Amino acid sequence: MANYYSDHPEIAFHLNNPLMERIVELKEKFYADKDKYDDAPVDLGDAIENYKKILDITGDVAANIIAPNAEDVDLEGPHLENGRMIYASKTYENLDATRKAGLWGISMPRRYGGLNIPNAVFSMLSEVISAADAGFQNIWSLQSCIDTLYEFADEDQRQRYIPRICAGEGMSMDLTEPDAGSDLQRVMLKATFDEKENCWRLNGVKRFITNGDSDIHLVLARSEEGTKDGRGLSMFIYDKRNGGVDVRHIEHKLGIHGSPTCELTYKNAKAELCGSTRLGLIKYVMALMNGARLGIAAQSVGVEQEAYNEALAYAKERQQFGEKIINFPAVYDMLSRMKAKLDAGRSLLYETACYVDIYKALEDIERDRKLTPEEKKELKKYQRLADAFTPMAKGMNSEYANQNAYDAISVHGGSGFIMEYKSQRLFRDARIFSIYEGTTQLQVVAAIRYISNGTMLNNIKEMLETVDAGEQFASLKSRVEKLIPVYEDALNYAKGLDNQAAFDFLARRLYDMTCELVMSLLIIRDAAKAPELFGKSANVYVRMTEEDVLGKSAYIKAFTVNDLESFKAAEAEAEA
């Protein structure tokens with residue numbers, strides 16, 4: 001019987017991340033729950049066994065319920081009835097299965113009915129569900145919005161809302177508007193305080209809202225009259241039970257058909273403030289978006305895996321000129337690159353998730369007591385790492401998902417273009433990953449300051465010192481080491497141009513090089529520990545990195561400020 005977790009031992013490998021012991025210790029608050037709850041672990045080994053059990057349950061549900069339903073969901077999609085969104089019929093089966101399996105409230109403390117699972121393991125669950133159906137993963141993974149409510153809401157709000165999510169109610173984050181996409185400072189949905197009813201009222205329109213007819217919404221709205229920037233925005237909680245919000249339209253999308261994308265109209269909708277006024281965008285949405293971006297990275301890895309699975313299975317069966325096509329160099333070159341991207345991207349995802357886990361767990365502990373000086377230092381260290389790595393994990397994996405889905409179609413040839421084959425759905429689903437929750441270009445913007453100020457260069461050098469490649473992969477590590485001065489020279493050259501427009505133009509190349517060096521060192525580390533799983537991918541990925549770093553370095557070092565005019569001229573000609 002298929003299982004989307006146990007069929008891929010590469011996932012379980014990452015439960016052995018060197019940081020996992022510290023993560024579990026902090027998440028479990030030094031195992032404080034062990035005498036209060038039967039399901040609370042007593043030590044690290046017990047916790048890991050618990051994680052494996054829930055991953056195995058999820059893998060079974062994904063393979064035997066969600067995946068078989070995916071085609072029907074893709075064909076039917078959600079629809080609109082009297083201002084309400086109705087899911088595709090098989091989506092209700094998926095929701096029922098995940099609720100019965102206890103796959104809600106994953107990250108929440110046990111006192112609210114949650115499972116108290118670390119973000120790294122939540123990301124594994126997201127990957128597994130995404131491999132089965134990326135559209136359903138959107139609906140299911142939006143439960144992570146509750147993390148923001150847990151962090152910033154008051155205790156009364158936590159008690160009222162968190163148990164509902166743990167029981168399987170859905171969430172959405174209502175941020176974007178017709179005139180405010182990536183530029184959320186332009187949000188104009190109006191929030192006014194109703195003195196008579198002692199509540200807030202919301203009026204306006206939200207657009208492109210994933211799972212927009214959910215039970216509980218986190219809403220970004222303008223609470224300060226006369227303001228036009230982010231300082232006038234606050235975060236609100238809207239409960240669907242109170243009414244006042246209708247679905248005006250459901251978007252007809254290229255992919256992820258099972259995930260409803262809604263336009264909402266707020267008409268004097270009753271809401272309550274989450275946290276403090278004026279911090280909606282500056283603080284709360286930033287936390288919400290970082291979590292969402294890691295969720296998209298996990299979603300992307302799931303599709304990377306499934307695209308590779310489809311391509312590999314087809315290549316093993318398809319014959320041309322009397323031979324299986326998997327034996328053709330052009331095909332196995334493509335497959336080896338797909339697998340290398342998958343393994344390296346997954347390693348970056350879980351490394352990033354571990355950084356997030358440590359600093360988030362320390363922040364949670366800080367709600368109960370003062371941190372020691374050592375803990376404060378640890379929190380700052382891992383928060384910086386998480387801030388630097390999150391846009392890399394989201395950007396690179398969303399691009400790799402698109403590339404693997406594209407290559408899966410190529411391996412299938414003409415059959416890949418036929419709707420009866422899964423590869424076309426994976427290709428359609430993947431396209432949004434590098435767009436929503438911040439395009440890849442915006443991930444570059446988020447990451448570039450850590451690149452330009454030398455933070456990532458120092459991280460790469462530190463990784464080089466600490467990664468144990470073993471004897472088998474020492475030569476690969478040496479090859480990566482030789483690339484670092486090449487990268488550093490390119491970075492210094494770009495900065496030395498002393499022209500912001502030129503640096504911005506070159507930023508994507510610097511970003512790619514940075515990510516590839518980091519992932520090369522991570523995949524070498526993994527290969528040294530499990531050569532049977534990652535040895536081939538390490539060899540392939542380092543070669544890909546050499547190809548890219550050397551090529552992009554040459555491009556950057558041949559670039560001058562005057563070259564910008566050539567691109568602008570080309571743009572002008574196109575417009576003419």
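## A bent helix and its neighbours in the chain

Helix H16 bends by about 45° at leucine 506. That is a handy place to start with this model, which is a predicted one.

How far apart should the ends of H16 be? The helix runs over residues 500–529, and at 1.5 Å a residue its 30 residues should span 44 Å. Its end C-alpha atoms sit 43 Å apart, so the two values agree. Is H16 mostly covered or mostly open? Mostly covered: 22 of its 30 residues are buried. Take a look at its start, too, where asparagine 499 points a side-chain oxygen to within 3.1 Å of the backbone nitrogen of alanine 501.

Now turn to helix H3, residues 44–76. H3 has 33 residues and reaches 44 Å from first C-alpha to last, close to the 48 Å expected at 1.5 Å a residue. H3 has a kink as well, about 40° and centred on alanine 70. Its N-terminal end is capped by aspartate 43, with a side-chain oxygen 3.3 Å from the backbone nitrogen of glycine 45. Just after H3 comes glycine 77, with a positive phi near 65°.

Here are the two bends and the two helix-start contacts side by side.

| Helix | Bend | Contact at the helix start |
|---|---|---|
| H16 | about 45° at leucine 506 | asparagine 499 to alanine 501, within 3.1 Å |
| H3 | about 40° at alanine 70 | aspartate 43 to glycine 45, 3.3 Å |

Next, a pair of helices. Two packed helices are described by the angle between their axes and the distance between the axes. For helix H9 (residues 280–317) and helix H11 (residues 373–412), the axes come within 8 Å and cross at roughly 25°. Angles under 35 degrees count as roughly parallel, which makes H9 roughly parallel to H11. As for handedness, the crossing of H9 and H11 is left-handed.

Finally, some backbone angles to look out for. Most residues other than glycine have a negative phi. Asparagine 268 goes the other way, with a positive phi near 55°. You'll find asparagine 268 in strand E9, residues 261–274. Arginine 278 also has a positive phi, near 75°, and belongs to the loop between E9 and H9.

Are these side chains buried or exposed? Asparagine 268 has 44% relative accessibility, so it counts as partly exposed. Arginine 278, at 40% relative accessibility, counts as partly exposed too.

Conventions:
Residues are numbered from 1 along each chain as its sequence is written. This is a predicted model: local features need pLDDT of at least 70, side-chain atom pairs count only at pLDDT 80 or more; totals for chains, interfaces and linings use all residues. Side-chain values use heavy atoms; hydrogens and water are left out. Helices (H or I, at least four residues) and strands (E, at least two) are DSSP runs, numbered from the N terminus. The expected span of a helix is 1.5 Å times one less than its number of residues. The bend at a residue is the angle between axes fitted to the seven residues ending there and the seven starting there. Buried means under 20% relative accessible area, exposed over 50%, partly exposed in between (1.4 Å probe, protein chains only). A polar contact is a pair of N or O atoms within 3.5 Å; within protein, one must be able to donate a hydrogen and the other to accept it, and residues adjacent in sequence count only if both atoms are side-chain atoms. Axes are lines fitted to C-alpha atoms, for helices over the stretch in contact, and angles run from 0 to 180 degrees between N-to-C directions. Angles under 35 degrees count as roughly parallel, over 145 as roughly antiparallel, 65 to 115 as roughly perpendicular and the rest as oblique. A crossing is left-handed if the near helix is turned anticlockwise from the far one by less than a right angle, and right-handed if clockwise.
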